[in-house]
Amino acid sequence: MLSLSPRLRATAAPAIPAARAWAAAYDGSSGPALDLTQAVPGYPPHPDLLARLAAEAGDGASAGYGAIEGEAALREALAADLSAAYGAAIRAEDVAITAGCNLAFAVAVSVLAGTGESVMLPTPWYFNHRMTLEVAGIGVVPLPCRAADGFLPYPERTASLLDANPQVRALVLITPNNPTGAVASPELIARLAEICRRRGVWLVLDETYRDFLPGRSEQPPHDVFGDPSWRGGVVQLYSFSKSYCVPGHRVGAIVAGPAFRAEMMKALDTLQICPPRAAQRALAWAVPALAEWRRANRAVMAGRAAAFTRAVAPLNRWKIDALGAYFAYLRLPPGAPDAVAAAEILASRHGLMTLPGPFFGPGQERHLRLAFANAEEGLLAQVPERLSRLG
C-alpha cells in the first residue's frame, strides 16, 4: 500500500462513532439503548424555521455561489444579536459565517498559528479541537484544569504555563465548556484576556453554548467586547447548530477584527468558498424572529440538567464533578474500571452510550461525559439504574 499522511495516521479516530460501536454488542436486556454521546438538541427546530429552510432550499438563488464571508443579512442579524447580548457595539464586518463551528475553529487556528507554533488547550479539551491541531501540524500545550477549580483554568497557572511556552500563539476557552459544562465567569474571562494580552497571545472564545447560559438575560456572559482593543487580540466562535436545532445544515460563525479577517478570507476561500446559502438565508430571519423560542429552550435545557441531577443523586458512589448547559462530567466510583473500559461495558452490556474521559485529553481516566441534553426527562430517569450495574 502507498504511504498516507503521517499526521492523519497519528490522529485518533472520530470519538463518537468509536463509542457508539461498543453498543453493537448490546442485546437489549436493560431496555432500549440510550445514546448520550453527542451534543445534539433533544427537540426539533421551530416549525416556521423548517418551512423557511424548505422554501430557501427550493429557491434557485440559494444554489449559486455566495459571499466568502457569508450572507450579509445573517452577518447583520448576528452582529445585532451579539451587540444586545454583550452590551457592546459589534459590527457586521466583524462577523464571518462558516460551514459549521468546527470549520470556524480550523480557520481560526490556521490564521493564528503555524509550523513550530502551538495553541494552548485547557484539559479536558474538546476532542475535535485536538484533532484539528494535530491534522494541521500545530502543537498543543495542555493546560490542566482540576475538579477542585470547577474544571476552569486557574489564572496564575495559566500565566506560568504561557511564560514557560513562548511558542504558544493562542489560548482556547470553551464556555460553557465541552465536555464538562463548566461556565467561566465574566471575571475569569477578563483575567484570562488580560493574561493573554500582556503576553501577545490571542484568546479564542468558543461560545457554542452561550444561548443556554443560566441567567443570561441578567448580565452579559463577559465584558471582553467592551474593551475597544478586543479586535486585536480576541476571536469568538459561535454555532447555530444547538441554538436553532440545525446541526445538519452546518452553520457557524467567527467574530474578529480586521487584521484577522484579512488572513481569514484566504482560508475561507480555500476551504469553503461560501457557507450553505439556504440555511444562512433562513437563519437571517430566525435570529431576531425566534429570540423568545431560544429563551424557552434554555429553560428546557435547565430542566433536563436539574432532572439529571435528581436522577443521579441516589447513586452515592458516583459524583457529578461538573454540570452545565448540555453535559454532565461524572467521576467513576471507587473500584470501577477506568473510563474507557467502563464506557465500553456500559454500552455493550447495559445499552448506555457515554464518552470516556480520555477522549478529552490526558488525566481523565476516572470520568465519563454524558450529554443529557439529548434525552427527555423520562429517558434520563433510566440512567441511574444502568450506571449502578457498573458499580
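**Two pockets and some lone cysteines**

Seventeen residues, written as 17 in the count, line the second largest pocket, and Ala 193, Arg 197, Ser 229, Gly 233 and Val 234 are the ones nearest its centre. Keep in mind that this is a predicted model. Here's a quick tour of that pocket, the largest one, and the cysteines.

**The second largest pocket**
- Its volume comes to about 250 Å³.
- Helix H8 (186-199) and strand E6 (202-206) each chip in at least two lining residues.
- H8 is the top contributor here, giving five residues to the lining.
- Sort this lining by class and you get nine nonpolar, four polar and four charged residues.

**The largest pocket**
- This one holds about 490 Å³ of space.
- Four helices give two or more residues each to its lining: H2 (15-21), H5 (101-112), H6 (127-136) and H9 (240-244).
- The lining has 25 residues, and those nearest the centre are Gln 38, Asn 102, Tyr 126, Asn 128 and Lys 242.
- By class, that lining splits into 13 nonpolar, eight polar and four charged residues.

**Cysteines without partners**
- How many disulfides does a search of the whole structure find? The count is zero.
- Cys 196 can't pair up because the closest cysteine sulfur, in Cys 145, is 13 Å from its own sulfur, too far for a bond.
- Cys 196 is also buried, with a relative accessible area of 1%.
- Cys 274 is in a similar spot: its closest cysteine sulfur belongs to Cys 101 and sits 18 Å away, so a bond is out of reach.
- Cys 274 counts as buried too, at 15% relative accessibility, because the cut-off for buried is under 20%.

Definitions and conventions:
Residues are numbered from 1 along each chain as its sequence is written. This is a predicted model: local features need pLDDT of at least 70, side-chain atom pairs count only at pLDDT 80 or more; totals for chains, interfaces and linings use all residues. Side-chain values use heavy atoms; hydrogens and water are left out. On a 1 Å grid over the protein atoms alone, a cavity is a set of points where a 1.4 Å probe fits but cannot get out, and a pocket is an open set with protein on both sides within 12 Å along at least five of seven lines; lining residues have an atom within 4 Å of a point. Grid points are joined across faces, edges and corners, and a volume is the space filled by probe spheres set on the points. Ala, Val, Leu, Ile, Met, Phe, Trp, Tyr, Cys and Pro count as nonpolar, Asp, Glu, Lys and Arg as charged, and the others, Gly among them, as polar. A disulfide is a pair of cysteine sulfur atoms within 2.5 Å. Buried means under 20% relative accessible area, exposed over 50%, partly exposed in between (1.4 Å probe, protein chains only).
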